[in-house]
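Biologist: I would like to learn how to read the backbone, sheet and surface features of a model. Could you walk me through one?

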Amino acid sequence: MRVVLFAFRVVCMAGLWPVTQLSTGHFPIKRRHKEHYLGDNAKQKNTGRVDLKTKKHDSTKSMLIKSEQLLRIDDHDFAMRPGFGGGALPVGIDVQVESIDSISEVNMDFTMTLYLRHYWQDIRLAFPSSSNKSRTFDARLVKKIWVPDVFFVHSKRSFIHDTTMENIMLRVYPDGHILYSVRITVTALCSMDFSRFPLDTQNCSLELESYAYNENDLILYWKNGNDSLRTDEMALSQFFIEEFQSSFGLSFYSSTGWYNRLYISFLLRRHIFFFLLQTYFPTMLMVMLSWVSFWIDRRAVPARVSLGITTVLTMSTIITGVSASMPQVSYVKAVDIYLWASFLFVFLSVIEYAAVNYFTTVEEMKKLRRAKIPASFNTAQAMAFDGCFHDNDIDLASFPEVTSGSNTERNTRARNSTVTSPTEATRLQHKHPLKRRLSFIMSHSYVIDSYSRVIFPLTYLLFNIIYWSLYS
């Protein structure tokens, strides 16, 4: 019985032996090889190979942590300025103007894009370096250290560009000197004087100042003097940029004291050609067009009235368009003087025809009374009788005939009166020359048009000479 049991055990062990080899022999060897491979990688990590687990971390953040340790960020309180308790900290500034994006007369402001660079020394950020090379960082480290709180005085809007990342650069040197550069677009106030518009020049300035630190804590100055302000090539649509200039000064606030202030001033001279095309030339043409009525017959009432009204309305449209594009200032501009003077010339041409028409009517009525024409006759008959124009539809036979005897008698009385009283006529001639001249003009209304053809152009020419000599 024991022999049979022993034989059964031997058979069972013989059948399970291959399975045991597969489970305990091959796989443990493979696992040991894998462990050995990972161990070799771990040993070679310091020789240049990167661990698989290390690949999952952001290398930039790792470098940032090392930089913070190098600069000892956590060892200092960067809420305080460098050298707190001592003298004022000097902060140098230089600016490179990239562009002047827009200038608005209506809002009285300008928009400028520039590179603003700050220079100062913070001993707390000094670090040892055998090569004496600087380290450059982005905006992430800027938020953890102290930087100057420079702001733009009289600014309306401003922002730091952030495409594709915030345009901020921080460069730290081993001795603690720092360069901090930002790219900014700012819209600031520019107090403009439009008394000579559009023949004007404007002086605008961008002002920089520390917000929290007065002159006892922080001194702003131009880093390289007059060379601290640099500009790129710029071309504006309405202005010539004549000069850029840097300057400095002090500003006083009653509650906080004196502050250093830096100025970026630039002089702008306006292009006149645009306004010549859009305003001055159309105005001149309208004034000259109003003179055409002086050559139109004084009895062509519809033609002269419509021409005068058209020129007046066109001048009103030009004045309204110019005023809509300008700020509502309480003083007279140069363009206003020209437009309203031109409007006056156009308006006077209409008044001139009103005078001519009135005097013509008076003259016709006098002739009718001299000829003893009945008052029942209409104006058309009167004009036909006068001989100014003839209409075939007018019946001239209805007019009473004027006898030659009556004309002879009237001429004799006039001649006798002239002969009998020469002294009185001479006295009236010397006493009322102006009245006599006006009486002559009223009795010969066509003379007004003849005078206007000369007086209006010469007067307008004289006005233009005086205007352009004063404002150009």
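**Reading the backbone, a sheet and a patch**

Modeller: Gladly, and let us start in a loop: Thr 164 lies between strand S5 (155–160) and strand S6 (168–172). Helices (H or I, at least four residues) and strands (E, at least two) are DSSP runs, numbered from the N terminus. This is a predicted model, where local features need pLDDT of at least 70, side-chain atom pairs count only at pLDDT 80 or more, and totals for chains, interfaces and linings use all residues. Residues are numbered from 1 along each chain as its sequence is written, and side-chain values use heavy atoms, with hydrogens and water left out.

Biologist: Which peptide bond leads into Thr 164, and is it cis or trans?

Modeller: Most residues other than glycine have a negative phi, and most peptide bonds are trans. Here the bond from Thr 163 to Thr 164 is cis, with omega near 0°. The bond from Phe 197 to Pro 198 is also cis, again with omega near 0°. Pro 198 sits in the loop between strand S7 (177–189) and strand S8 (201–210).

Biologist: And what is the sign of phi at Met 108 and at His 154?

Modeller: Met 108 is not a glycine, yet its phi is positive, about 55°. You will find Met 108 in the loop between strand S1 (89–104) and strand S2 (109–121). His 154 has a positive phi of about 65° and is not a glycine either; its loop runs between strand S4 (150–153) and S5.

Biologist: Why does His 154 count as partly exposed?

Modeller: Buried means under 20% relative accessible area, exposed over 50%, and partly exposed in between (1.4 Å probe, protein chains only). His 154 counts as partly exposed because its relative accessibility is 47%.

Biologist: How should I read the sheet that holds S4, and what is its strand order?

Modeller: Two strands pair if DSSP finds at least two bridges between them. This open sheet of four strands has the order S4-S8-S12-S11, with antiparallel pairing. Its edge strands, S4 and strand S11 (239–253), each pair on one side only. S11 and strand S12 (residues 257–270) are joined in the antiparallel sense over 14 bridges, and Gly 249 stands opposite Arg 261 in S12.

Biologist: Now to the helix: where is Leu 458, and why does it count as exposed?

Modeller: Leu 458 belongs to helix H11 (residues 446–471). Leu 458 counts as exposed because its relative accessibility is 53%.
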